[in-house]
Amino acid sequence: MPGDNRLFKTRLGMQAGSDHTHQGPGPQQQRLPRQRSRRRELFCPAHREQKLVGNGRKYFLHLLTAEQLKQRGMPDGKARLVINAFPVLVLSNEWLEELFCADCGASRWCHVVRLDAVQHSVRWAPRELWLQVAHVDPLVANPSVGQYTAQQARRLSRKRSDGKSWFG
Ligand SMILES: [Zn+2]
């Protein structure tokens, strides 16, 4: 299950920008020519040949429940241990990012999952994922996300049991 191992690299708190680091020894894609730079590749969900360009607007996802870890391939017992240790777990290999496609002629928010230094899966960000970016007000992040979602996010943010702020 891709992504399973990477969950263990996550830490409490923001780990922004980690996808640009660690270009060192690792599993290499055999089909890639050696001279080619190993820049990340993001392709439009609607235009499979069209590379997407980011503008720096990017939010890492928080996981709040063991169930969310299990959906990402972690065994049940381990998922509960991790959530107990990190009530707000920030994934380093999944985020929401605003990306521009020349064929679409527009920027859209996408849910990106890093598979390795180059390969990423990209889909249009489903609305409910904004609930897992708890430090961001969805209304500010994306005007197309409705008030209902923002209220849900705030309600969620008040649920934190240790009384600490999401902003750390
Ligand atoms: Zn497109």
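**Entry 1: layout**

I started by reading along the sequence, and the protein follows the pattern β-α-α-β-β-β-α-α. That gives 4 helices and 4 strands in my tally. Note to self: this is a predicted model. I looked up the confidence straight away: the mean pLDDT of the protein is 73, and 57% of its residues reach 70 or more.

Which stretches should I flag for pLDDT under 50? Residues 141–150 stay under 50, and the model has 13 contacts for them beyond four places in sequence. Residues 157–161 also sit below 50, with 3 contacts in the model beyond near neighbours in sequence.

Two overall figures went into the margin. Of the 168 residues in the protein, 21% are buried. I then took the contacts with a separation of 6 or more, and residues 24 or more positions apart account for 61% of them.

**Entry 2: the sheet**

Next I went through the strands. In what order do the strands sit in the sheet? I found 4 strands in an open sheet, ordered β1-β2-β3-β4, with antiparallel pairing. β1 and β4 (120–124) are at the edges with a single partner strand each, so one side of each has no neighbour in the sheet. From one strand to the next, the twist averages 35 degrees.

Then I took the pairs in turn.

- β1 and β2 run antiparallel and are joined by 7 bridges. I picked out two residue pairs here: leucine 63 stands opposite leucine 89 in β2, and lysine 58 has glutamate 97 in β2 as its bridge partner.
- β2 and β3 run antiparallel with 8 bridges between them. Here phenylalanine 100 stands opposite serine 107 in β3, while glutamate 94 has valine 113 in β3 as its bridge partner.
- β3 and β4 are joined by 5 bridges and run antiparallel. Valine 113 turns up again, standing opposite serine 121 in β4, and arginine 114 has histidine 120 in β4 as its bridge partner.

So much for the ladders; I looked at the turns as well. How many residues lie between β2 and β3 in their hairpin? I count 4 residues between them, and glycine 105 in that turn has a positive phi of about 70 degrees. β3 and β4 form a hairpin too, with 5 residues between them.

**Entry 3: the core**

With the sheet drawn out, I turned to packing. In soluble globular proteins, nonpolar side chains tend to be buried together, and I wanted to see who does that here. The largest nonpolar core has 21 residues, and the members touching the most other members are Phe60, Leu61, Leu91, Trp95 and Leu96. β1 (53–63), β2 (89–101) and β3 (106–114) are the elements that give two or more residues to this core. Which element gives the largest share? It is β2, with 7 residues.

I checked how covered β2 is, and 10 of its 13 residues are buried, which I'd call mostly covered.

I then opened up one of the core residues, Leu96. Leaving out residues up to four places away in sequence, what does leucine 96 touch? My list reads Tyr59, Leu61, Trp109, His111, Ala125, Leu129 and Val133. Leu61 in that list is also one of the members touching the most others in the core.

**Entry 4: leucine 89**

Last stop was leucine 89, which lies in strand β2. Buried or exposed? I went by the neighbour count: a residue is buried with 20 or more other C-beta atoms within 10 Å of its own. Leucine 89 has 20 C-beta neighbours inside 10 Å, so it counts as buried. I noted its partner again, leucine 63, which stands opposite leucine 89 across the pairing.

I also took a distance to leucine 61. The two leucines are 28 residues apart along the chain, and their C-alpha atoms are separated by 8.3 Å.

**Entry 5: what I keep**

For the notebook cover, I keep the open antiparallel sheet in the order β1-β2-β3-β4. Beside it goes the core of 21 residues, with β2 as the element giving the largest share. I also carry over the caution about residues 141–150, where pLDDT stays under 50.

Key
Residues numbered from 1 in each chain as written. Predicted model: local features only at pLDDT ≥ 70, side-chain atom pairs only at ≥ 80, totals over all residues. Core = buried A, V, L, I, M, F, W, Y, C linked by C-beta atoms within 7 Å. Buried ≥ 20, exposed ≤ 12 C-beta atoms within 10 Å, placed from the backbone. Contact = placed C-beta atoms within 7 Å. Pairing = 2+ DSSP bridges. pLDDT = per-residue confidence, 0-100. Axes fitted to C-alpha atoms, helices over the stretch in contact; angles between N-to-C directions.
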